[in-house]
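I opened my notebook to look at one pocket and one sheet. The structure comes before my notes.

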Amino acid sequence: MIRIDAVTKRYDDGTVAVDRLSLDIPDGAITVLVGPSGCGKTTTLRMINRMVEPTEGGILLDGADIRQQPVNSLRRSMGYVIQNAGLFQHRTILDNIATVPRLLGWSKQKARGRAAELMERVGLDASLAKRYPYQLSGGQQQRVGVARALAADPPVLLMDEPFSAVDPVVRKGLQDELLRIQDELGKTIVFVTHDIDEAIKLGTMVAVLREGGRLAQFAPPAELLSA
Ligand code: ADP
Ligand code: ADP
């Protein structure tokens, strides 16, 4: 379990992005952070993989402060997916996905085998393997982003508005795929969105943040109070 324990983030210019936030993020489920732009969702997500350090409070992973382990090993245990996929533009789709296993020391053949398997899992046709990112649609690129994040089989996936830039029909397909992947692989997923409908559809638990980085509600979708 990921425990966010009384965390405050104050940036250097004095902006309080997150204000005394406590959340227990359950294993093997999708926890959604939802709220308007600027309410601290991205900051919270980035504190979990130490791209941002809290000003106060701490984050525990299975009971141990995340600062106790080297940041590289922490990040290897957490796949990260962002809005515009962030793919390597000069590498093929297959090699984009194979990059992380290669960095972990897998042979080229094994890494590419793993990448091919993941393409299938996220619903990408094998014929796309040798293409480059610019030759894919936005939705296909997001699928590659998800496959790449899964490549080293991390127990945790951090997803920052991964489907916000694609059109509604494609977004629905991606959401359904994510639910299926979650069901099959049982990952712990922390998913950031500003879209309450997406939060309700995907979340096992939904954390509603409001302006100033404060927690308004934390509940399963069916128990969210309309406010
Ligand atoms: P969200 O993801 O909900 O849109 P963010 O976590 O990106 O919110 O930002 C929360 C608040 O912190 C906003 O007011 C934003 O402008 C501010 N902020 C984010 N990053 C920085 C930074 N590096 N320096 C100063 N302020 C920042
Ligand atoms: P995102 O979609 O991740 O919220 P943004 O466009 O808000 O992206 O932020 C892009 C980058 O700028 C991030 O690294 C974020 O930390 C930083 N940033 C956001 N708001 C501010 C701010 N008010 N002052 C300084 N840096 C900021």
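**Pocket, then sheet**

I sorted the lining of the largest pocket: 13 residues are nonpolar, three polar and three charged. Here Ala, Val, Leu, Ile, Met, Phe, Trp, Tyr, Cys and Pro count as nonpolar, Asp, Glu, Lys and Arg as charged, and the others, Gly among them, as polar. The model is predicted: local features need pLDDT of at least 70 and side-chain atom pairs 80 or more, while totals for chains, interfaces and linings use all residues. Residues are numbered from 1 along each chain as its sequence is written, chains are lettered from A and ligands numbered from 1 in the order written, and side-chain values use heavy atoms, without hydrogens and water.

I noted which element gives the largest share of the lining: E6, with four residues. A pocket is an open set of points on a 1 Å grid over the protein atoms alone where a 1.4 Å probe fits, with protein on both sides within 12 Å along at least five of seven lines; lining residues have an atom within 4 Å of a point.

I then turned to the sheet. It is open, with six strands in the order E6-E7-E8-E3-E9-E10 and mixed pairing. Strands (E, at least two residues) are DSSP runs numbered from the N terminus, and two of them pair if DSSP finds at least two bridges between them. E6 (78–81) and E10 (214–219) are the edge strands, each pairing on one side only.

I looked up one pair: E3 (residues 30–34) and E8 (residues 188–193) run parallel over five bridges. Leu33 stands opposite Val192 in E8.
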